[in-house]
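User: I am new to this structure and would like to learn how to read its features one by one. Could you take me through them slowly?

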Amino acid sequence: MRVALIQLAGGSGDKKADIALACEKIREASAQGADIAVLPEMFCCPYETSAFRSYGEAEGGEAQAALSSLSRELGLYIVGGSVPELEGDRIYNTSYVYGRDGVQLARHRKVHLFDIDVEGGQRFMESDTLSPGSQITTFETEFGTMGLCICFDFRFEELARLMALRGAKVLFVPAAFNMTTGPAHWELMFRQRSVDNQCFTVGVSPARNESASYVAYGNSMAVDPWGTVLTRCGGEPCIQYVDLDLSRADSVRRQLPILSARRTDLYEIKEV
Ligand SMILES: NC(=O)CCC(=O)C(=O)O
């Protein structure tokens, strides 16, 4: 299963141009034999709370239509980063996945909104304009079950564990860490989730743009079930390809039986 991590220089402020760039890079990935192309969080919208409504779209909107028809034309899966999704008065940070036939296979609305205020570092309040989703998302492919969540969601180990317990052997994470938390936690988090859940993890970020109000860390990466980093971008726009053999997850789970050896009878805080 060949995965293309497409680290885009998106968020230019021109939504049509960002969608066109994403489509051009997905075509390039398809020509390199990718089965699954993965885009970053908010790939056609500046990552600013004030931008989410004006760049947002309802179900079936411009970005989704473009990705759906491209997946059908090229016959590959697309994990379509995320877009601001408009529903009534609400805005969600939503990732759509399309199958080889262009049909929507999954929709994940970011469950944990990114509200942080690090002293001397990054402050961001998604909850100023976004609403949280409330579903755990997995989807089926001919390669097996896949999990999907968005950036800050991945800090919450329970969510990753639940995707793994549903059978996911690869966790896809469109994301956009920043220059405060990225250097400290990005690699650690992907390796940690991979080791804990004995699965592959794939994180795809926008490229770093020093003139943006929110500077993404980049460093899109894929990690295997042993915790080894298989591929990694730097800060520049790039596409990295990685071939994943999902039987490696079964093999690691057999040799080091973490998931099956859990003592779920003990993992509950009881009133005393
Ligand atoms: N877009 C996000 O959710 C950013 C998450 C992040 O940077 C973090 O440190 O967590």
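Analyst: We will go from the whole fold to the core, then to one helix, the ligand shell and a few single residues. Please keep in mind that this is a predicted model.

User: What does the secondary structure of the protein come to, and how compact is the protein?

Analyst: The protein comes to five helices and 15 strands. Its radius of gyration is 18 Å, close to the 19 Å that the globule rule gives for 272 residues, so the protein is as compact as a globular protein of that length. Along its principal axes, the C-alpha trace spans about 50 × 45 × 35 Å. Another way to read the fold is through its contacts: among those between residues at least 6 apart in sequence, 66% join residues at least 24 apart.

User: Which residues have the most contacts inside the largest nonpolar core?

Analyst: The general idea is that in soluble globular proteins nonpolar side chains tend to be buried together. In this model, buried residues make up 46% of the 272 residues, and the largest nonpolar core has 75 residues, with L5, I6, A37, V38, I78 and V202 having the most contacts inside it. V38 is a helpful one to follow, since, leaving aside residues up to four places away in sequence, V38 touches V3, A4, L5, I6, V79, F172, P174, V202 and V204.

User: How should I read a helix such as α4, and what covers its buried residues?

Analyst: One may begin with its length and then ask which residues face inward. Helix α4 covers residues 181–197, and its 17 residues reach 22 Å from the first C-alpha to the last, close to the 24 Å expected at 1.5 Å a residue. The buried residues in α4 are G182, W186, M189, F190, R193, S194 and N197, and what covers them includes α3 (157–165), β11 (170–174), β12 (200–204) and β13 (221–223). After α4 comes Q198, whose phi is positive, near 50 degrees.

User: Which residues are around the ligand, and of what classes are they?

Analyst: The residues around the ligand are E41, F114, C151, F152, R155, A176, F177, N178, T181 and H185. By class, this shell has five nonpolar, three polar and two charged residues.

User: C151 is in that list; where is C151 found, and is it buried or exposed?

Analyst: C151 is found in the loop between β10 (144–148) and α3, and it counts as buried because it has 24 C-beta neighbours inside 10 Å, where 20 or more are needed. The phi of C151 is near 40 degrees, a positive value in a residue other than glycine. M42 can be read in a similar way: M42 lies in the loop between β2 (36–38) and α2 (62–74), has a positive phi of about 45 degrees although it is not a glycine, and counts as buried with 28 C-beta neighbours inside 10 Å.

User: What do G99 and V252 touch?

Analyst: G99, found in the loop between β5 (90–98) and β6 (104–109), touches S71, Y77 and L105 when residues up to four places away in sequence are not counted. The C-alpha atoms of G99 and L76, 23 residues apart along the chain, are separated by 6.7 Å. V252 has its place in helix α5 (residues 247–255) and, under that rule for sequence neighbours, touches Q198, P225 and W226. V252 and D101, by contrast, are 151 residues apart in sequence and 32 Å apart in space, C-alpha to C-alpha.

Methods:
Residues are numbered from 1 along each chain as its sequence is written. This is a predicted model: local features need pLDDT of at least 70, side-chain atom pairs count only at pLDDT 80 or more; totals for chains, interfaces and linings use all residues. A residue is near a molecule or strand if its C-beta atom, placed from the backbone, lies within 6 Å of it. Ala, Val, Leu, Ile, Met, Phe, Trp, Tyr, Cys and Pro count as nonpolar, Asp, Glu, Lys and Arg as charged, and the others, Gly among them, as polar. A nonpolar core is a set of buried Ala, Val, Leu, Ile, Met, Phe, Trp, Tyr and Cys residues joined through C-beta atoms within 7 Å. A residue is buried if 20 or more other C-beta atoms lie within 10 Å of its own, exposed if 12 or fewer, and partly exposed in between; C-beta atoms are placed from the backbone. Two residues are in contact if their C-beta atoms, placed from the backbone, lie within 7 Å. Helices (H or I, at least four residues) and strands (E, at least two) are DSSP runs, numbered from the N terminus. The expected span of a helix is 1.5 Å times one less than its number of residues. The radius of gyration is taken over C-alpha atoms; the globule rule is 2.2 Å times the number of residues to the power 0.38.
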